[in-house]
Amino acid sequence: MSGHRRDMKLGLNIVANGAHSAGWRMPDAQETAAMDFALWKRLAQAAERARFHFMFWADGIAVRHSAKSDDELSYLARIDVFEPLTLIGALAAVTERLGFVASASTTYNEPYHIARKFASLDHISGGRVGWNVVTSWSEQEAHNFGSDRLLAHENRYRRAEEFVDVVFGLWDSWEDDAFIRDKASGRYFDPAKLHNLRHEGEHFRVAGPLNVARPIQGYPVIAQAGSSGPGQVLGSRIADIIYTAQKSREDAVAFYSSVKSHAAGTGRDPESMLVMPGIMPILGRTRAEAEGKFAQLQDLIHECLGLPMLASSFGDLSGLPLDGPLPAPLENSNAVKSGHEKLVRMARQEGMTIRKLYQIVAGASGHNLVVGTAADVADLMEDWFTARGCDGFNIMASHLPAPAYEAFDWLVPELQRRGLFQTEYGGDGTFRGSLGLARPAHDSHRKRA
């Protein structure tokens, strides 16, 4: 990737029916968005017309919450969501160039399942899928898979490291031209180009081979969202896209420098790994219009929705004054480590209250939230991009569908006018190609590992 003109990359980050926890309550929101395939089809096609690089689903395999009761849980709108790999299979059939990235957990899946599903989708889509490698972080996921407690953070990442290596090994079961399908001789594949995995490790025993040909992209694009120490180590080794949450330009530049240095330390070209923080633009034709939308969104956050979002880091806050300060954080929290640390830092800010903190979290899940016109938002994006705080952004729509269309119709043209964002897709038609990333050679992951 070195030597190419540096263009901003854009993804549309999908969170149920909107990335703002109260967004579904907005007057122009479609409250049934999370389960409306016709809407997803229109959004995907509109994202492709806007030349977005991909759509991104940060998925979990449970109703993840900290509510103390079903009554409190009833205020959470992120309940009913499509299984994203199924959805991607359908959306790939109605698009041609848009990439699709979905989370799949290394904690409560088996490597063979993940390798087979993503390899299949890569062939079905013509090489347009990516795997967001995550470790599960909620107790609800543990309870859905026969465990009383979630694995400790350190153990989740040890399992993830081995899991990923097994998946890559399965994708390399066959060389690119292994399947000769010679009718005359009757030989279906070249046995010299079969590589049985025969993996035996701490967590997995997997013989292989995978019963799918090597993915069109060599390996599907790999995204990774861990910002903790172990997360950065894993990401620097495997990730093509690093998804992160940064609130300030200074933090973004520092994180960017850190992960790129980690990549260089593994022998990788740092430019082969794209850092893409989440950003929630609240857009208006004027700043006043945008600020009015934001105020309306924040006013719609119910305390029964907001307080549980702080529980994994601060415990049960009900009964405490909402406009009072935060108590001391919990020791040995098993929450997402990087998220917990951010919450603790914000809680220590002067004037921070319980209500203000849960409004921040509910507003953009710790990501950067920008309120203003398309030019205002583009100013910030350009500043971070040119300062080497990112290689692009995951755009988060507060609710659906209007804010997504505003990003397509208002923000993208502004970025294009500035020469920051593509007006046509580049590359060879694959997701990797559109990102400007090279196709990995057979067995290159093992050699790098």
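**Exercise 1. Determine how many residues of strand β11 are buried, and on which sides they lie.**

Solution. Strand β11 spans residues 392-396; strands are DSSP runs of E with at least two residues, helices are runs of H or I with at least four residues, and both are numbered from the N terminus. Buried means under 20% relative accessible area, exposed over 50%, and partly exposed in between, with a 1.4 Å probe and protein chains only. By this criterion, 5 of the 5 residues of β11 are buried. Next, the sides are separated: G392, N394 and M396 lie on one, F393 and I395 on the other. Both faces of β11 are therefore covered, as all of these residues are buried. In a regular strand the side chains alternate between the two faces of the sheet.

The model is predicted: local features need pLDDT of at least 70, side-chain atom pairs count only at pLDDT 80 or more, and totals for chains, interfaces and linings use all residues. Residues are numbered from 1 along each chain as its sequence is written, and side-chain values use heavy atoms, leaving out hydrogens and water.

**Exercise 2. Identify the strands that are joined to β11.**

Solution. Two strands pair if DSSP finds at least two bridges between them. Strand β1 (residues 9-14) runs parallel to β11 and is joined to it by 5 bridges; here K9 stands opposite G392. Strand β9 (residues 274-283) is also parallel to β11, with 2 bridges, and I279 stands opposite I395.

**Exercise 3. Describe the surroundings of strand β8 and the route from β8 to β9.**

Solution. Begin with the side chains of β8 (residues 241-244): I241 and Y243 point one way, I242 and T244 the other way, and all are buried. Then consider the partners. Strand β7 (residues 221-224) pairs with β8 in the parallel sense over 2 bridges, and A223 has I241 as its bridge partner. Strand β9 is parallel to β8 and joined to it by 4 bridges, with I242 opposite V275. Finally, the chain passes from β8 through helix α8 (residues 249-265) to β9 in a right-handed β-α-β crossover; with the strands pointing away from the viewer, the path from the first strand over the helix to the second runs clockwise.

**Exercise 4. Locate Y157 and decide whether Y157 is buried or exposed.**

Solution. Y157 is found in helix α6 (residues 153-171). Its relative accessibility is 11%, so Y157 counts as buried.
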